[in-house]
Amino acid sequence: MLARWEAEGTFAKLREQNRGGPTFSFVDGPVTANRFSLGVHTAWGRTLKDVFQRYKALRGFDQRYQNGFDSQGLWIEVGVERELGLNSKREIEDFGLEEFARRCREVVVRSSEALTRGSIRLGQWMDWGNDYLTFSDTNIEYVWRMLKSVHERDWLYLGHRSTEWCPRCGTSISQHELIGSYVDRADPSLYVRLPLLERPGEYLVVWTTTPWTLPANVAAAVNPEAEYGRRQNGEWVAAARYPDEDLEDRRPGADLVGWMYRGPFDDITHVDHRVIPWDDVSMDEGTGIVHIAPGCGTEDFELAQVHGLEVVQPVDESGRFYDSFGWLHGLSTTEAAEQIIGNLEEKGVLVEAGLHEHRYPECWRCHTPLIFRIADDWFISVRVLRQQMLDANATVEWTPEYMGKRMDDWLRNMGDWNISRRRYYGLPLPFYPCSCGHLNVIGSRAELEERAVSGLDQLEELRRPWIDRVPVRCAECGEAVERIREVGDVWLDAGIVPFSTLGWQSPTWIEEGYATGAARGLTKADLPDHAYWEKWFPADWVSEMREQIRLWFYSQLFMSVVLTGGAPFRRVLGYEKMLDETGREMHASWGNTIPAEEAFERMGADVMRWQFAAQPPDRNLLFGYGPAEEVKRKLLTFWHSVKFFVDYANVAGFRPSWETLQPGPVEPLDRWLVERTHAFVADASGGYERWLSPDVMRDFEAYLDDLSNWYIRRSRRRFWDGDEASLQTLWYALVQALRVLAPILPFVTDHLWRTLVLDGPESVHLAGWPEVAEPDRGLLNEIASVRRVVELGRQARSTSGIKLRQPLRRLVVEGTSLDGHVEEVADELRVKDVELGTVEAVELRLKPNLPKLGPKLGKELGAVREALAAGEFEELPDGRFRVAGHELGPDEVLVERGGKEGWAVASGDGVTVALDLDLDDELVLEGEAYEVIHTVNSLRKERGLELTDRIVLTVPESHQQLADRHGDWIAREVLATELRVAGEELALEKS
């Protein structure tokens with residue numbers, strides 16, 4: 001189908017067909033271009049995007065189809081480092097930043113090509129070749145403009161604070177990058193004794209799981225309201241942590257404040273140590289006295305500001321101790337732990353050492369455990385923006401709804417946005433601080449060129465290292481100033497795309513105006529004008545995984561509120577995580593990851609898409625080949641329904657016409673299928689409009705069951721006879737179903753369309769959405785009741801052990817009307833008579849609910865049990881019973897309803913059916929005839945006979961009575977021109 005779509009220009013025809021129609025604006029979230037094959041987790045999101053864009057296209061909407069790639073940042077840097085065998089920032093700089101940048105771009109080129117191939121194989125229709133790439137100079141300029149606007153409003157500042165830091169990447173981590181980055185790990189657990197200077201023989205005992213921070217200790221914090229006491233060995237601890245110990249000199253924590261002590265590493269660092277108050281000291285773990293190292297923790301740093309504590313920073317940006325830390329110099333925080341423990345033990349201040357299991361953050365890119373460091377990072381204040389973003393989010397329709405509430409929670413609790421990273425392959429922050437105190441923020445390339453002192457001749461791209469060589473003149477004093485070396489958070493790149501790709505405030509349309517800088521040659525995307533932005537902004541709909549609430553959805557919302565004051569999207573579809581079919585996370589090291597290419601080979605794209613579309617977005621998707629087999633089974637049912645029509649239409653010479661698509665049903669069953677089809681179209685429309693493809697698939701599965709297990713099976717005789725009305729009705733139903741399913745199953749529906757529709761639109765994707773009348777719900781409910789009776793009848797049969805092919809004499813139905821459908825029920829359940837009335841064949845059986853009745857009745861329980869077993873009880877209203885002089889409630893007995901001897905009973909939804917299981921000789925003989933028909937038709941299939949082939953059938957002499965009584969009937973059912981009785985085996989041959 002991919003080749004046919006390409007050869008016929010199907011996608012281009014669809015876009016042209018819808019041009020000028022109502023607009024549906026979708027913005028694609030960029031996939032990171034650092035992988036060389038499409039992953040199944042990415043394929044899930046790409047499928048959902050494609051499904052709803054295809055649906056809107058069928059409804060005639062004019063759309064943009066711009067794909068996006070996230071093309072710079074640490075994800076790409078880390079991969080290139082591994083490829084080159086580099087493992088530090090110094091090694092990158094020694095390698096050379098220009099060559100490193102080119103290698104990073106090569107990764108983007110290869111990855112974007114591979115991801116495009118995988119997405120096309122998935123069936124996604126996008127404007128390939130006009131993609132946006134976030135390392136485009138145009139994209140960078142738009143971020144610069146946003147940052148200049150932030151600066152002009154005094155929301156930009158350089159913050160000096162303790163921040164989460166990745167020692168391998170050598171950069172800080174922002175708050176939104178931390179969520180979901182916590183892992184379970186075991187760290188050293190140390191209890192350390194700190195000698196009090198003015199209280200000889202007495203000590204504070206602190207606890208830590210980060211030994212490397214102890215050389216930076218400057219204080220110990222106590223809860224001023226909590227009670228503390230001294231052990232007999234002189235150690236001070238919180239009384240609440242040691243309730244069973246006999247503590248002396250108990251006093252409130254406030255009395256300890258100001259006590260001076262000797263630090264654990266005063267031989268290395270030379271600071272004063274004292275006890276400070278802190279209301280947040282926990283009594284849930286440790287000793288109730290907290291070790292404070294302001295250079296190694298956010299809360300510690302904040303306490304230092306309040307109490308005027310000295311800040312000792314022990315490690316550099318690679319997480320290794322500075323030279324000034326003596327024998328620790330050059331050691332990483334991990335390497336130092338064991339030596340620190342040994343040193344404390346030698347000094348006699350180590351009380352206890354062990355392991356502590358806890359949740360700990362790691363770098364989301366390289367999975368290195370994070371540390372805290374004091375750093376000067378650039379921040380955007382959210383104080384003014386917080387309420388504006390909450391107000392903007394209130395205008396957005398979220399599916400599922402709870403994800404919108406999660407966005408609200410994030411917005412209420414988020415800190416200022418740390419936008420700077422000390423890395424290389426990223427958006428250069430356009431900040432030029434001058435020694436005169438003025439911060440110059442460049443808002444565009446034009447402004448850069450106007451104010452540049454030098455370096456423009458070598459400016460290949462607006463990125464490092466080239467941008468670093470372009471100093472500008474300070475707007476205040478005129479001195480030449482250089483750019484800071486930091487690059488921006490990658491979510492700046494992605495968040496700006498609703499502006500940079502749509503041409504916000506662009507005065508003219510510039511052909512290939514987005515294909516600038518590193519993106520030149522990789523895309524032909526234009527930079528539209530502002531009128532275009534007004535047409536397509538805000539997006540009608542966007543979709544990504546739930547984790548993007550704090551990432552892409554947040555960054556878009558942030559920038560849109562800054563630039564326009566409103567939300568950048570009207571509706572959002574979020575979805576949960578993908579796990580393997582057993583519920584485990586997918587990891588390459590576990591061997592349970594599935595590349596999309598492998599999945600395409602083993603299950604096919606449409607089976608993948610079915611599985612993705614059928615998944616409720618509020619639950620994790622268990623993806624694997626086991627679930628795919630069930631999808632294949634359902635898909636084959638639909639395939640066989642189409643094949644059934646094609647086979648019998650060919651036999652009858654029936655050629656339907658697109659011009660006469662709408663049938664005029666005469667037979668009640670045909671009318672029902674037409675109405676059932678209209679209901680399916682209407683219900684599926686509702687599912688698509690709610691952005692819930694699982695509802696569409698659920699509706700389809702119910703429709704498929706009605707189509708194949710009711711209409712086709714009930715109409716088989718008419719198809720055998722070449723009845724044109726039934727063929728026309730079935731063709732109509734199948735064609736409309738293909739149009740509804742086309743967004744989800746684009747390959748199989750288009751293949752079947754070209755088989756079924758010979759004179760209409762060449763592709764199902766060009767056929768538009770079916771326009772149908774309002775369905776007759778009364779008729780549908782009527783047949784649904786009939787099918788419910790049949791389902792209960794089959795349940796009753798299954799409990800009896802009597803096959804469906806064995807006719808029975810009588811069925812009694814209670815609780816529903818079967819007006820006009822008695823014969824259908826009789827035929828479906830192979831019963832001679834159907835009676836409507838009270839089912840008297842039900843036998844009520846009761847057992848005592850022993851956990852309830854035992855304590856209540858005591859020794860009288862035995863008498864009640866015997867009475868229940870003998871059926872000696874009286875049924876009372878409200879589910880109560882009188883037994884052996886006791887009145888029992890509905891929760892005190894276990895109720896079972898079954899058929900009396902000779903009957904099979906089933907009930908549900910207020911309907912009860914009872915089958916008379918008594919078999920006479922006539923019924924048994926008729927059952928044998930059905931068995932012969934079934935066996936012969938199976939043999940016909942095995943022998944490869946055509947539907948119209950006639951046969952000569954021979955039944956064994958033991959079937960003489962069967963042949964005499966039902967021979968003509970059997971011959972008609974199996975297309976036998978002659979039925980012989982001879983020998984001992986059943987045999988057939990082509991006539």
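The dialogue below goes through cysteines, backbone features and a cavity of a predicted model.

Student: What are the ground rules?
Tutor: In this predicted model, local features need pLDDT of at least 70 and side-chain atom pairs count only at pLDDT 80 or more, while totals for chains, interfaces and linings use all residues. Residues are numbered from 1 along each chain as its sequence is written, and side-chain values use heavy atoms, with hydrogens and water left out.

Student: How many disulfides does the structure hold?
Tutor: Zero. A disulfide is a pair of cysteine sulfur atoms within 2.5 Å. For cysteine 434, the nearest cysteine sulfur is that of cysteine 477, 3.4 Å away, and cysteine 434 is in no disulfide.

Student: Why is cysteine 474 not bonded to cysteine 434?
Tutor: The sulfur of cysteine 434 is the closest cysteine sulfur to that of cysteine 474, but at 3.7 Å it is too far for a bond.

Student: What makes cysteine 434 count as buried?
Tutor: Its relative accessibility is 9%; buried means under 20% relative accessible area, exposed over 50%, and partly exposed in between (1.4 Å probe, protein chains only). Cysteine 474, at 5%, is buried as well.

Student: Why is alanine 884 called partly exposed?
Tutor: Its relative accessibility is 47%, so it counts as partly exposed. Alanine 884 also has a positive phi, near 50°, without being a glycine. It sits in the loop between β35 (881-883) and β36 (886-888); helices (H or I, at least four residues) and strands (E, at least two) are DSSP runs, numbered from the N terminus.

Student: What makes positive phi worth a remark?
Tutor: Most residues other than glycine have a negative phi. Leucine 975, not a glycine, has a positive phi of about 60°.

Student: Which residues does the cis peptide bond with omega of about -10° join?
Tutor: Threonine 399 and proline 400. Another cis bond, with omega about -5°, joins phenylalanine 537 and proline 538.

Student: How many cavities of 30 Å³ or more are there?
Tutor: Six. A cavity is a set of points, on a 1 Å grid over the protein atoms alone, where a 1.4 Å probe fits but cannot get out; lining residues have an atom within 4 Å of a point. The second largest holds about 50 Å³, a volume being the space filled by probe spheres set on the points, which are joined across faces, edges and corners.

Student: Which element gives the most to the lining of the second largest cavity?
Tutor: α3, with three residues.

Notes
1 Å grid on protein atoms, 1.4 Å probe; cavity = no way out; pocket = protein on both sides within 12 Å on 5 of 7 lines; lining within 4 Å.
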